[in-house]
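Here is a small set of exercises to work through with the model open on your screen. Try each task on your own, then compare your steps with the solution.

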Amino acid sequence: MSDTGGWTGPDPKDRPEDPTPPAGNPMPPAPPPPGAPYQQQGWGPRPGYGKPGVIPLRPLTVGEILDGAITTMRRHPALVFGSSAVVAVIGAVLQLLASRYLLPDVQTLQNLGPAATDQQIQDAALDVLGDTALITGVAVIITVLTQTFLSGFLTVVIGKAVLGKPVTFAEAMAEAKPRFLPLLGATIVYVLLVAAGSVLCLIPGIWLYTLFGLTTPALVLERAKVGQALSRSRQLVSGSWWRCFGILLLAGVIATVLQYLVDIPFSLGAGGTDVLTGEAVPAGWGALLLVAVGQVIAQTIVQPFVANTTALLYIDQRMRKEGMDLQLARAAGTA
């Protein structure tokens, strides 16, 4: 972000000092050397620097992180929901086409009948599995591409919202656009790392998912390279893994519940069985379109919440470890 010099590491002279040290210690504690983690100074609660934007400029509680994510959506509805809706529509159209033309023909397998040979059943099953794997791969690629764009754009918006500064679509796009290609590379590396960890065992996948979960905001807000962003995420999460995991998990659970609540009515409306015979019927354009509409509405609401929560968690970790609250307060004009 240009308002904070690209969100680089804090200047040692910007680290807050306790204004009222106890008697017998007339000098405040010396600030840590450059690059050292921020350690709270003084003998009372960490002071804040007001609330110029969607969060108070001090280490945040879990509730404040979630509230900040929602407040950003309320204060910038056109930017947040507009960009999210466009991305969701593009993703839904691509997935709709993929579903329509690549959907496994399960009906063919069901119609083989008792006279079918084992070889015929095996060939039909393999065809269904191959089609399923193909459509799943296409869906993953579409999701990665669309969500990479949306996360990068919304991270710029949340950065401005923290400072309480207005932002237009053109301004946010101008800052986010140069980061899209590196962000895509970082996202691919991140997905591969988590996938590899999950294949070996679920626990390493979860550990890697959390350890590198702040890669996107680090890359966008610090204008870092792919390797630097991954390293920054690891540095910020280290020592706070359980807290970061809990917040990311909570955001994911909330998002999943919201998505299902929106998706269910559309899925029920689309049907999938013949009301007279009770047998499965092939999905037509109407049913697929109705499901796609539900997915668009759900993702328009859910994805900004997850992206905003991740970006605010990144900012919170920097305030906790690097004293960036004072740096932000000076950029916002409150210190």
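The exercises below start with the whole chain and then move to single helices and residues; keep in mind that the model is predicted.

**Exercise 1. The whole chain**

Task: Find out how many helices and strands the protein chain has, and what share of its residues is buried.

Solution:
- Step 1. Count the secondary structure elements: the protein chain has 12 helices and 0 strands.
- Step 2. Write the elements in sequence order, and the pattern reads α-α-α-α-α-α-α-α-α-α-α-α.
- Step 3. Turn to burial: of the 335 residues in the protein chain, 42% are buried.
- Step 4. Look at the contacts with a separation of 6 or more: 74% of them join residues 24 or more positions apart.

**Exercise 2. Two helices and their contact**

Task: Work out how helix 6 and helix 7 are oriented to each other, and which residues meet.

Solution:
- Step 1. Locate the pair: helix 6 covers residues 180-200, and helix 7 covers residues 202-211.
- Step 2. Compare the axes, which come within 6 Å and cross at roughly 155 degrees.
- Step 3. Apply the cut-off: angles over 145 degrees count as roughly antiparallel, so helix 6 is roughly antiparallel to helix 7.
- Step 4. List the residues that meet: helix 6 brings Tyr 190, Leu 193, Val 194, Gly 197 and Ser 198, while helix 7 brings Leu 202, Pro 204, Gly 205, Leu 208 and Tyr 209.
- Step 5. Sort this contact by class, which gives 7 nonpolar, 3 polar and no charged residues.

**Exercise 3. Aromatic pairs**

Task: Describe how Tyr 190 pairs with Tyr 209, then do likewise for Trp 241 and Phe 245.

Solution:
- Step 1. Begin with the total: there are 7 aromatic pairs in the structure.
- Step 2. Take Tyr 190 and Tyr 209, whose rings are 6.1 Å apart centre to centre with 25 degrees between the planes. Planes under 30 degrees apart count as stacked, so this pair is stacked.
- Step 3. Place the partners: Tyr 190 sits in helix 6 and Tyr 209 in helix 7, 19 residues apart, and the pair links distant parts of the chain.
- Step 4. Check exposure. Tyr 190 is buried because its relative accessible area is 17%, whereas Tyr 209, at 39%, is partly exposed.
- Step 5. Move to Trp 241 and Phe 245, a stacked pair with 5.0 Å centre to centre and 10 degrees between the planes.
- Step 6. Place these partners too: both lie in helix 10 (residues 241-270), 4 residues apart, about one turn of the helix. An α-helix has 3.6 residues a turn, so residues three or four places apart point the same way. Both Trp 241 and Phe 245 are buried.
- Step 7. Finish with the cluster that ring pairs form from Phe 149, Phe 153, Phe 169 and Phe 180.

**Exercise 4. Three buried residues**

Task: For Thr 155, Leu 183 and Thr 210, name the helix and the contacts beyond four places in sequence.

Solution:
- Step 1. Thr 155 is in helix 4 (residues 118-163) and is buried, because its relative accessibility is 3%. Its side chain reaches the backbone oxygen of Ser 151 at 2.6 Å. Thr 155 touches Thr 216, Pro 217, Val 220, Leu 221 and Ala 311.
- Step 2. Leu 183 belongs to helix 6 and counts as buried at 1% relative accessibility. Its contacts are Thr 148, Gly 152, Thr 216, Leu 219 and Val 220. The C-alpha atoms of Leu 183 and Thr 148 are 6.7 Å apart, with their positions 35 residues apart in sequence.- Step 3. Thr 210 is part of helix 7 and is buried, with a relative accessible area of 0%. Thr 210 contacts Val 237, Trp 241, Cys 244, Phe 245 and Leu 248.

**Exercise 5. Positive phi and a covered helix**

Task: Find where Arg 223 lies, and which residues of helix 12 are buried.

Solution:
- Step 1. Arg 223 is in the loop between helix 8 (215-221) and helix 9 (226-237). Its phi is near 55 degrees, a positive value in a residue other than glycine.
- Step 2. Arg 223 counts as partly exposed, because its relative accessibility is 42%.
- Step 3. In helix 12 (residues 324-332), 7 of the 9 residues are buried, which leaves the helix mostly covered. The buried residues are Met 324, Asp 325, Leu 326, Gln 327, Leu 328, Ala 329 and Ala 331.
- Step 4. Just after helix 12 comes Gly 333, with a positive phi of about 85 degrees.

Technical notes:
Residues numbered from 1 in each chain as written. Predicted model: local features only at pLDDT ≥ 70, side-chain atom pairs only at ≥ 80, totals over all residues. Heavy atoms only, no water. Helix = DSSP H or I, 4+ residues; strand = E, 2+ residues; numbered from the N terminus. Buried < 20%, exposed > 50% of the residue type's maximum accessible area, 1.4 Å probe, protein only. Polar contact = N/O pair within 3.5 Å; in protein donor to acceptor, adjacent residues only side chain to side chain. Contact = heavy atoms within 4.5 Å. Axes fitted to C-alpha atoms, helices over the stretch in contact; angles between N-to-C directions. Parallel < 35°, antiparallel > 145°, perpendicular 65-115°, else oblique. Nonpolar A, V, L, I, M, F, W, Y, C, P; charged D, E, K, R; others polar. Phe/Tyr/Trp six-rings, centres within 6.5 Å; stacked < 30°, edge-to-face > 60°.
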